[in-house]
Amino acid sequence: MVNVPTASAAGGNPVNVAPPTTVGEGGLLNFTEGSAALHPDRTVKSACQFCNSNCAISVGVRADRVISVQGASGDPVQQGNICVKAPMMAEITHNPLRLTKPLIRTGGRKGSKEPAFREATWDEALDLIARRLLALRDSGQVAAIANRTTGRLPRGTGSLVARLFTLLGSPNNTDVGPVCNDAGGNALKATFGLGNFTNGYGTDGATGQDDLGSADYFLFLGTNQAETHPVTFDYLLRGKARTGAKLVVVDPRETPTGALADEWISPKPHTDLALALGMLQHILDKRLYDREFVDRWVLGFKELQAHMAASGYTPEWAADVTGVPADTIRRIAREYARADKAAIFCNAGISHQLGAFDTYRVLTFLAAVTGNIGRLGTGCNFMHNTWPGDLHLPALTVRTPDVGTALPVGPDYFAEAILTGKPYPLKAIITQGNPLISSANTEKVKEAFRKLDFYVYTGLFMEEAAYYADVVLPVSSPLEYEGVYMRRDDRAIRWQEAAVPRCGESKTDYEIWIDLAHAFARQDRRKGHAYWADSFPLAWKDYSTLWAEFVKHTPGVGGMTQERMQKRTEPLRWPCPTPDHPGVSALYQDHPSWYEAAESLGAKKGQRFLTPSGKIEIYTEELDRQLATAGHAALPGFYTHPEVTGAHPTLTYEKRFITSPINPQAVTHPVRLGVRGDGSVHRDYPLMGMTGRPSVVHFASVTHWTPTGARLNGIRLLQIHPDTARRLGIEDRDDVVVESPRGKVTATALYWEGIREDTVFLPNTFGPAQKLAEELGADHYEAANALVDDRYYDNLSGQQAYKCFACRVTKAPA
């Protein structure tokens with residue numbers, strides 16, 4: 001397959017596969033000009049599903065087949081660019097491994113690769129689900145029913161799920177946030193009032209000025225945007241070239257992002273909290289803060305000063321914890337504080353830590369005390385915290401059951417509830433994701449899902465989790481329907497058109513939930529037909545109608561109509577309360593457009609920050625009391641994962657449950673912080689392991705089901721420092737076994753000098769059901785999360801600690 005850019009009426013950077021015929025402008029081969037077979041019948045405006053760059057794509061369609069995927073022109077951020085993943089949208093759509101019909105289990109052992117399923121009609125499958133869930137409700141066990149959504153859903157599907165669970169009466173409607181980046185949103189909300197990425201890519205519509213591209217200092221912590229968000233990262237690099245900005249990347253390994261940075265800093269895994277505290281102490285000690293901004297807009301600054309002065313969190317202390325020299329910590333603190341416009345970016349490298357919420361909170365303090373919030377080119381840009389929460393539907397007109405308290409935040413607690421019945425049993429689960437890949441301690445999750453009474457899997461392929469299901473429901477891919485799908489990190493969305501017909505009998509996620517509600521209407525003898533059917537009008541199965549309901553009933557989305565988005569070449573940012581509002585680029589900007597948007601979100605007239613006080617809240621007595629119930633404080637102290645080398649302060653969990661102060665609909669375990677770790681685990685497991693995305697080729701596990709994904713990055717490569725590997729008798733490209741106290745997985749060693757000698761990096765998203773890898777001669781891999789301990793999680797956000805586990809690496813037996 002040849003990838004050569006070609007000319008196109010749609011513009012941009014295409015990928016095409018036809019033989020060359022002519023030479024186009026600039027000597028580039030033009031593959032399609034004059035070809036009857038490869039000239040599209042139509043070109044469809046869509047958007048890539050694979051990351052939060054949310055790239056616009058022009059999809060060429062011929063005879064109901066995708067024949068080209070090109071980057072659409074007209075967006076000054078994207079500039080027609082796409083990365084390697086965008087053409088893989090077509091490989092997902094036209095894929096012989098797609099699920100095409102509902103399946104019902106007829107026998108076999110759950111989890112077996114030879115399960116017994118039969119094909120079923122949609123009514124048959126949905127009626128079975130409705131009967132099983134209603135039976136639990138009618139026996140007084142409605143809380144034993146749970147759902148887990150994924151980030152890869154048409155926007156608004158979560159609102160439909162929430163509506164159905166409200167009618168049913170179960171509190172356990174969960175989302176993917178605790179597996180992804182909820183901690184950042186929770187910290188942003190606690191400090192500034194909204195849990196969202198603060199600034200925007202491109203031009204601010206209110207002022208006509210560039211936003212993040214105008215920064216003169218970029219501090220990246222735990223984010224590898226060159227691979228995870230390549231197109232928006234390219235925009236930042238263009239801005240950097242214009243302004244002369246400095247890019248500092250903090251990551252235990254040198255990623256492609258670090259290779260492009262002005263400075264790469266490699267702390268010990270899971271110690272970013274210490275680094276941030278050391279920077280904050282230096283800024284306060286040397287009075288590098290913005291006094292005017294602090295006096296006007298910050299609550300709790302004096303308490304913060306006293307806390308830091310008494311803590312001993314000096315750069316020297318931070319150096320001892322992190323391995324980063326004290327002079328480096330002092331210097332980057334000064335650079336950040338003295339920059340005119342400094343922007344912090346973070347991603348899963350921070351979110352997937354045990355102290356994720358507290359780490360993010362300290363990073364918000366850095367922005368607050370230096371005045372790097374509420375201005376263009378600044379902010380706390382904690383990635384994936386992008387959406388405004390619920391998209392609202394008309395209020396229910398029926399009386400619904402009282403909903404009890406949910407299980408602890410985070411779907412990784414599902415296995416515990418199934419196996420132990422604590423705090424109460426879980427008996428039926430529906431997922432829109434794949435918990436057999438994403439959940440920690442995979443072997444425990446397998447055991448739980450084998451024992452689960454009833455499981456419904458919805459998806460594109462027979463992924464690992466599907467083999468444990470009682471019902472399998474086939475989902476349509478994004479090129480098969482219109483609407484709003486992915487969103488850009490800066491709260492921007494696009495309208496996409498359907499390109500090709502549905503695969504088999506697959507349905508969209510929103511259609512599945514509407515049809516399931518009507519199955520409840522057919523089966524519910526207690527509540528009756530109208531209770532369900534009237535709450536889920538069949539007209540909502542047309543996404544245009546459904547979106548119009550969201551726009552009508554969600555004030556912050558009032559200007560984001562289908563018609564307006566279809567006319568735009570650029571995405572439209574939330575909040576956007578009216579049809580003539582430009583959308584907000586920088587949250588909290590001292591500008592009339594922000595104050596108008598803030599009022600649509602419930603702020604008082606002229607209120608800048610959406611906290612109870614209307615100011616930035618570093619410390620308040622109320623916040624401190626709330627967090628204290630879970631063992632935390634408004635002003636964090638340092639602690640880290642017990643499997644970080646060095647016997648640092650860590651934590652212990654109490655057995656009892658309390659109401660979560662951050663997510664009060666659920667319970668959590670309180671913790672005791674500052675417990676000294678003993679480091680005993682490292683006698684047998686001397687290294688620290690991290691998991692993360694394999695490369696730019698992959699996004700979650702779905703890309704492993706494409707020929708391109710399996711071909712380019714179908715082998716799991718363990719990044720290990722050559723000196724460490726040689727001490728262990730491991731050569732470059734040896735097959736190896738990576739083992740933790742929870743389990744072991746296989747990989748291939750990749751010598752990588754750009755990683756700490758005490759750390760290895762194991763790519764996640766590989767799984768044993770990925771058939772294309774085998775066809776191309778690669779291995780089936782057990783999930784990387786088999787190594788991660790599910791007991792250790794951020795008890796405030798529910799975030800699982802994927803970024804550190806004690807491990808050892810050995811050469812695999814011949």
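The following paragraphs go through a sheet, a hairpin and a pocket of this predicted model. Local features need pLDDT of at least 70 and side-chain atom pairs count only at pLDDT 80 or more, while totals for chains, interfaces and linings use all residues. Residues are numbered from 1 along each chain as its sequence is written, and side-chain values use heavy atoms, with hydrogens and water left out.

Seven strands (DSSP runs of E, at least two residues, numbered from the N terminus) make up an open sheet of mixed pairing, ordered β8-β7-β19-β18-β17-β9-β10. Two strands pair if DSSP finds at least two bridges between them. At the edges lie β8 (116-119) and β10 (172-174), each of which pairs on one side only. Within the sheet, β9 (residues 145-148) runs parallel to β17 (residues 428-431), joined by four bridges. Arg 148 stands opposite Thr 431 of β17.

Strands β5 (residues 56-62) and β6 are antiparallel, with six bridges; Ser 58 has Gln 70 in β6 as its bridge partner. The two strands form a hairpin with two residues between them, and Ala 63 in the turn has a positive phi of about 55°. Strand β6 (residues 65-71) is largely enclosed by the rest of the structure, because six of its seven residues are buried (under 20% relative accessible area, 1.4 Å probe, protein chains only).

Turning to the lining of the second largest pocket, strand β23 (residues 649-653) gives the most to it, with four residues. The lining comprises 10 nonpolar, seven polar and nine charged residues (nonpolar: Ala, Val, Leu, Ile, Met, Phe, Trp, Tyr, Cys and Pro; charged: Asp, Glu, Lys and Arg; polar: the others, Gly among them). A pocket here is an open set of points on a 1 Å grid over the protein atoms alone, where a 1.4 Å probe fits, with protein on both sides within 12 Å along at least five of seven lines; lining residues have an atom within 4 Å of a point.

How values were computed: Buried means under 20% relative accessible area, exposed over 50%, partly exposed in between (1.4 Å probe, protein chains only).
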